[in-house]
Amino acid sequence: MQPDLLLKGGTLIDPAQQIHAIRDVAFAAGKVATVGTNLPVSATTQVVDCTGQIVAPGMIDLHVHVFWGVSHLGLEPDPHCVAKGVTTAVDAGSAGADTFPGFRKYVIDVSATRLFAQLNISAQGMLNPEVGELDDIRFASVPRAIAMIEQHRDVILGIKVRLTKDALVSERAGMQPLYRAREAADATGVPIMVHPQAAWCDSIDDILAVMRARDIMTHCYHDMACGILDEQGKVRKSVLAAMDRGVIFDVGHGAGSFSWKIAEQAMRQGVQPQTISSDVHVYNVNGPVYDLATTVNKFLHLGLSLDEALGKVTQTPAQAIQMAGQIGTLQVGAWGDAVVFTLQEGSFSLVDSKGEVRMGQQRLVPTTVVRAGKIYKAGNP
């Protein structure tokens, strides 16, 4: 089969295959067809010269909010995901059991971005900025969550619960939403994703006691109560134990959930995030988050290598959602999703959620995005 598209002469960085070398990547019928050097070009093949650029698998963002027009957090997915190099994204709880069918029909099924979802344990999802989705514990319906997951197993990957007291969860509800999320997850065999900050508990120890392998602790570098560091700035023993048993610690940058100081202290103690996600939504898309590539650049500044940082937005999240070999890699037979970056050198302002600035010396900038074997352009189906 003649390739439809050829990315030629770029430096392929594919952590899943442990490749960091100049390679051509050819796509046919929506998938990766061939990876090699000096691949032949046919008259019908579209060729993109990637000389001097980085070619990587399409990025995976495990934490976005894209229920545009319904959730107060929601962005349109394609301009902020696939157009920025994120070919696969997971919406983190924007919709619950009462709103998910509309989310699927009007967003997931019609977007160029490959979209999955964490179902909010609150049946209403994240609708209103003034009233938390768990202000009334009756919204946390285990039977309704189970029924919705069973109907949409192909796109619902887990259950999301946000625990911030007062703003999201009433004192009356307390920690019940976490326990209900666990119950629904266990009944359906899916993991939970937890937003832990300032919860109705003594420390993150109480939350982690409920979490198991494949569960995701997002916002791992926030600087509020229920964080990963103790009062002396040491990584809590419960965090290390949770990592050992397979709990995934995810960045989930967001508008208020990423602190340079917390990240620097934790990483000095050897605690890196397993996955890098943006938590991009309407309140942070114009700063400090902007997009996933900008979040990756912050971890280059924190000392990760290109291979390490890209692995945390390709290989590792693909493993986390049990799609290794299908996405997050450019191995032959995988879905034909890729991003071409330029690596710019200079001095670049990088801002955390508290407004603190660090000056990065390099940044990845997406220049070309391939989705299902074709160059993505705005308006592509």
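Two strands pair if DSSP finds at least two bridges between them. With that in mind, welcome to a few close-up views of this predicted model.

**View 1. Strands E7 and E8 run side by side in the parallel sense.** Strand E7 covers residues 86–92 and strand E8 covers residues 114–120, and five bridges join them. To find your way in, look for alanine 89, which stands opposite leucine 115 in E8. Aspartate 91 offers another landmark, with alanine 117 in E8 as its bridge partner. How many residues of E7 are buried? Seven of its seven are, so this strand is mostly covered.

**View 2. An open sheet is built from seven strands.** Following the order E6-E7-E8-E9-E10-E11-E12, you will find that the pairing is parallel. Which strands stand at the edges? They are E6 (59–64) and E12 (248–249); each has a single partner strand, so one side of each is left without a neighbour in the sheet. In general, strands of a sheet pair through backbone hydrogen bonds, either parallel or antiparallel. At the E6 edge, four bridges join E6 to E7 in the parallel sense. Here isoleucine 60 stands opposite threonine 88 in E7.

**View 3. A helix links two of the strands you have already met.** E7, helix H2 and E8 together make a β-α-β unit, and this unit is right-handed. Elsewhere on the sheet, helix H4 (residues 176–188) lies across strand E9 (156–162) and strand E10 (192–195). The angle at which H4 runs to E9 is about 170°.

**View 4. Helix H3 has a buried side and a face turned away from it.** H3 spans residues 142–151, and its buried residues include Val142, Ala145, Met148 and Ile149. Why are these four on the same side of H3? They cover an arc of only 130° around the axis, which puts them there. Among the elements that cover the buried residues of H3 are helix H2 (100–106), E8, E9 and H4. On the face turned away from the buried side, look for the exposed residues Pro143 and Gln151. The N-terminal end of H3 is capped by serine 141, where a side-chain oxygen lies 3.3 Å from the backbone nitrogen of arginine 144.

**View 5. Strand E13 has antiparallel pairings with E5 and with E14.** E13 takes in residues 338–351, and four bridges pair it with strand E5 (residues 54–57). In that pairing, isoleucine 54 stands opposite phenylalanine 341 in E13. With strand E14 (residues 357–371), E13 shares 12 bridges. One place to look is threonine 342, which stands opposite valine 365 in E14. E13 and E14 form a hairpin with five residues between them. In the turn, glycine 355 has a positive phi of about 90°.

**View 6. Arginine 371 belongs to strand E14.** Is this residue buried or exposed? Its relative accessibility is 19%, and buried means under 20%, so arginine 371 counts as buried. The side chain of arginine 371 reaches the backbone oxygen of alanine 112 at 2.8 Å. Leaving aside residues up to four places away in sequence, arginine 371 touches Val82, Thr87, Ala112, Thr113, Arg114, Gly336 and Asp337.

Notes: Residues are numbered from 1 along each chain as its sequence is written. This is a predicted model: local features need pLDDT of at least 70, side-chain atom pairs count only at pLDDT 80 or more; totals for chains, interfaces and linings use all residues. Side-chain values use heavy atoms; hydrogens and water are left out. Buried means under 20% relative accessible area, exposed over 50%, partly exposed in between (1.4 Å probe, protein chains only). A polar contact is a pair of N or O atoms within 3.5 Å; within protein, one must be able to donate a hydrogen and the other to accept it, and residues adjacent in sequence count only if both atoms are side-chain atoms. Contact means heavy atoms within 4.5 Å. Axes are lines fitted to C-alpha atoms, for helices over the stretch in contact, and angles run from 0 to 180 degrees between N-to-C directions. The arc is that of the directions from the helix axis to the C-beta atoms. A crossover is right-handed if, with the strands pointing away from the viewer, the path from the first strand over the helix to the second runs clockwise.
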